[in-house]
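Reader: Please take a close look at one part of this model, the largest nonpolar core. Which residues touch the most other members, and which elements give two or more residues to this core? Set it in the context of the whole chain.

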Amino acid sequence: MKKTSRIFLILVAGVLVSGIVYVFYVKSKISSIHALRFSINEAASMVTARDEQGTQSETELGDLFPARSDIAGFMEEIYVISKKYDIRNLTFEQKDRELIDLVSGNIIKAMPVSGKKPDIMYAYPVRISFSSGYRNQAEFVREMQNMKRLVTIKNLKTRRDAGLLATEMIIVVYSAEVR
């Protein structure tokens, strides 16, 4: 009887601990979504303020949302940073761009054919793979997020591979529409 009650208590404790871990996981995902929405809304308000006042410096917005053709330049900057932190086997794979409506924050599947053209921002998902040590990986990701331009990490996966961490992540690089 004691053995079955002990097993029952262990199972209940396991369910409670896994429930608590799951709640913290969901809260972190929700806060990430809120942070991205805040970034998109902030970008929309910057663009709206620039259009209304006409006084916003183009270089301020240009740093946060450079022209589309600068995605390759961004990848070059990432490559330079990778050399600083001894990142190995660095590869980039650019996915199809997404269009984000600045007013609603929703992804647009295609540009409207007729009517008013919405204010949009381009999002370029880029898959980055590399190998490194733990500290170098953390510093590399931190420095990439602290760059002047708006970049978000959508997905980050690591696994141990021959004494190093093999990392694969999807980052989203944003750029303004060139009118």
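Author: Start with the fold. The secondary structure of this predicted model comes to 4 helices and 6 strands. Along the sequence the pattern reads α-α-α-β-β-β-β-α-β-β. Three helices are written before the run of four strands, and a helix and two strands follow that run.

Next, the contacts. Take those between residues at least 6 apart in sequence: 67% of them join residues at least 24 apart. Of the 179 residues in the chain, 31% are buried. The exposed area is about 12,100 Å², and carbon and sulfur atoms supply 57% of it.

Now the core itself. The largest nonpolar core has 23 residues. Those touching the most other members are Phe74, Ile128, Phe130, Phe140, Met144, Met169 and Ile171. Four elements give two or more residues to this core: helix H3 (71–84), strand S4 (120–132), helix H4 and strand S6 (164–176). Strand S4 supplies the largest share, 6 residues. A separate core, of 6 residues, lies apart from this one; Ile100, Met121, Ala123 and Val172 are among its members.

Phe74 deserves a zoom. Set aside its neighbours within four places in sequence. Phe74 is then in contact with Met144, Met147, Arg149, Val151, Ile171 and Val173. Two of these partners, Met144 and Ile171, also appear in the list of core residues that touch the most other members.

How far does the confidence go? The chain averages a pLDDT of 76, and 68% of the residues score at least 70. Helix H4 (residues 134–145), one of the elements giving two or more residues to the core, has the highest mean, at 88. Helix H2 (residues 58–64) has the lowest, at a mean of 51. Over residues 55–59, pLDDT stays under 50. For that stretch the model has 5 contacts beyond four places in sequence.

For contrast, look at the surface. Phe8, Leu9, Val12 and Leu16 form a nonpolar patch there. Together these four residues have about 410 Å² of accessible area. Leu16 is found in helix H1 (residues 2–53). Leu16 counts as exposed because its relative accessibility is 54%, and the cut-off for exposed is over 50%.

Note on methods:
Residues are numbered from 1 along each chain as its sequence is written. This is a predicted model: local features need pLDDT of at least 70, side-chain atom pairs count only at pLDDT 80 or more; totals for chains, interfaces and linings use all residues. Side-chain values use heavy atoms; hydrogens and water are left out. Buried means under 20% relative accessible area, exposed over 50%, partly exposed in between (1.4 Å probe, protein chains only). Contact means heavy atoms within 4.5 Å. Accessible areas come from the Shrake-Rupley method with a 1.4 Å probe; for residues, only the protein chains shown count as cover. pLDDT is the predictor's confidence in each residue, from 0 to 100. Patches are made of residues with over 30% relative accessible area and no salt bridge: like charges are joined within 9 Å, nonpolar side chains (Val, Leu, Ile, Met, Phe, Trp, Tyr) within 5 Å. A salt bridge is a side-chain nitrogen of Lys or Arg within 4 Å of a carboxyl oxygen of Asp or Glu. A nonpolar core is a set of buried Ala, Val, Leu, Ile, Met, Phe, Trp, Tyr and Cys residues joined through side-chain atoms within 4.5 Å.
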